[in-house]
Structure formats: C-alpha cells, structure tokens
Amino acid sequence: MPQRHPPQESPPPSTAATGPATVTVFASPTSWIESDALAQCHQVAALDGMTHVAAMPDLHPGKGAPIGAAMASTVLYPFLVGSDIGCGIAVFPMRLRRAVPEKLAARFPDLDRALDPERDADDPAWAVVQGDIPAGHVEGLGTVGRGNHFVELARIGTVFDPGHASRLGITGGDLVLVVHSGSRGLGERILRAHTAVHGAGPAPDPGAYLAMHDDAVRWGSLNRRLLAARVAHALGAEPAEPLLDQCHNLVEVRDGVYLHRKGAAPGDGRDVIIAGTRGTPSYLVAAHA
C-alpha cells in the first residue's frame, strides 16, 4: 500500500518536460482498442510536464482521460486518477466444506446495504477493522458500488505454474473470493473539491492532495476486506488475509516523477489478478517489470 508522501518529494518546477510525451501501446495487432481512447492518450501526452503514457491492452475511453493507462509526469493531475481513488482488486482464500453454487448464491449478503457503525455494531465483519476508519468516512462501508465493481466466488482451475500457486498457498480446485471495489464516495469528494477550484488543472499543493489520496487508498483496501468478511461470515467461513490486494487507481511518486495509474495495476514483481468476465476466466499472475 502506498505510503504517505511528504510535500518535499514533489519534483522541482525546473524538471518540467518540454513538448509532448511519448505514448506506447502494449497490445497485439489483433487487440481491438477504441480510437477515442488512443486520442485521449495523445491529449494527455500534450499536458504540461507529461513525460510518458503507457496504454494497456484493455485501454478504453474515460472521462477526459483514458482508462487502462499509466501516465508519468513532473506535475500531479488529480483528474488522471479520477474519482474512484483507491479502486483495486483483492483475492481472498475461502475455506468451505461443500461448495454448491446455487446454495451459496442464495446465502450471499446484500452488498448494496452499507454497514452502519451503530445499527450494525454487532456485525462480526467489523473485526477486520484495525484502528480508525480512514478520513472518518463511514458512508458506503462494506458496499461493492456501481459500474464494473463486483464480488465473485471463483474456483482455481488450471495451474500453469505450480511454484507460483504454492507460494500463494493455493492449488487447483481451491475457492477464492475476488473483490473489485474502490473508495466509494470518498474519492469522488476529494476530486470534486479539487475540480471545483482548479478544474482539470494540476494540484497546487501536491502534498495536501496526496495526504487525502492516501486516505482514500487505505479506505478502498479496508472496504475490500469488509466485503470479503461479510461474505465469509454469510457462507459460514472464517475471514482470511488476502492473497493479494492490488490498487489500480492511484498516484505513485517514482524517481521524482508522479506516476498516475488509471485502471492499471503496478507490475514490478508483484502478484496481480487480471479479471475476466462473466463468461471468461480470470488469471492470477506473477508480474514482471
């Protein structure tokens, strides 16, 4: 999880890039990518301070900026991360004696109903909360959200690399819970506060933005744990630590540059899940930078 970034990590103004940034699209010749998304990559590349835009195979248009891209700049642009700061995917092991899909589906909790600290004070899912709730934001706790967010019970199918699976403590046939959700209204509140004054412009105080941003990243991770705990208790299992919890909407400070990630999970040796669809498998992979 990203650490809080002190203001002094902000690159000095003298490092601002000149001219459009480079754009690289990582996709095969058969990949179908919307032309609007490619156009957005080049629009972002023309922003002041931008140095490079890396587009992934699932690139698609977003609100003013592409989704499925990592964008490096000497200037911090909150709109490149968007409103769902801290959105990511976590994978949790699920130990169930018998897994009959139809019966388990009927026992899933209502993940559109938020956990209320007072009304639901006795809910066992609260046990995963260690310390204070980031930013004191209690709205939407334990809910999955809209759009492409989901909570899915899945079974490990083909294991291509037994060593990788063993390191994660899983094997073929094991059940896992895949949770894709973000910071709900907290990230939106942070972005709106910025755009109300600065529009799509850069953050005038990067340190102040990053402090709020980091709260939203921690909130998103906590919410994924709450979602998993709610499901585990409803299905008669014990909540477990995630096998991985990878955020793909955030800003990282790397080598004095702001690396904006919008729907693009970090690789550099970390485990990553590539989510499938309702009809195609997901993949747990060991990423390589």
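Biologist: Which residues of helix α1 (residues 35-45) are buried?
Modeller: This is a predicted model, in which local features need pLDDT of at least 70, side-chain atom pairs count only at pLDDT 80 or more, and totals for chains, interfaces and linings use all residues. Residues are numbered from 1 along each chain as its sequence is written, and side-chain values use heavy atoms, with hydrogens and water left out. Helices (H or I, at least four residues) and strands (E, at least two) are DSSP runs numbered from the N terminus, while buried means under 20% relative accessible area, exposed over 50% and partly exposed in between (1.4 Å probe, protein chains only). By these cut-offs, the buried residues of α1 are Ala37, Gln40, Cys41, Val44 and Ala45.

Biologist: How wide an arc around the axis do these buried residues of α1 cover?
Modeller: The arc is that of the directions from the helix axis to the C-beta atoms. The buried residues lie on the same side of α1 because they cover an arc of only 140°.

Biologist: Which residues are exposed on the other side of α1?
Modeller: The buried residues of α1 pack against β1 (22-25), β2 (50-60), β3 (67-73) and α2 (78-81), with contact meaning heavy atoms within 4.5 Å. On the other side of α1, the exposed residues are Ser35 and His42.

Biologist: From which element does the largest share of the largest nonpolar core come?
Modeller: A nonpolar core is a set of buried Ala, Val, Leu, Ile, Met, Phe, Trp, Tyr and Cys residues joined through side-chain atoms within 4.5 Å, and the largest one has 25 residues, with Tyr209 and Leu226 making the most contacts inside it. At least two residues each are supplied by α5 (185-198), α6 (206-235) and β8 (249-254). The largest share, 8 residues, comes from α6.

Biologist: How far apart in sequence are the parts that Arg224 and Asp245 tie together?
Modeller: These side chains meet in a salt bridge at 2.8 Å, N to O, where a salt bridge is a side-chain nitrogen of Lys or Arg within 4 Å of a carboxyl oxygen of Asp or Glu. Since Arg224 lies in helix α6 and Asp245 in strand β7 (residues 244-247), the parts are apart in sequence by 21 residues.

Biologist: Is Arg224 buried or exposed?
Modeller: Its partner Asp245 is partly exposed, with a relative accessible area of 27%. Arg224 has a relative accessibility of 1% and therefore counts as buried.
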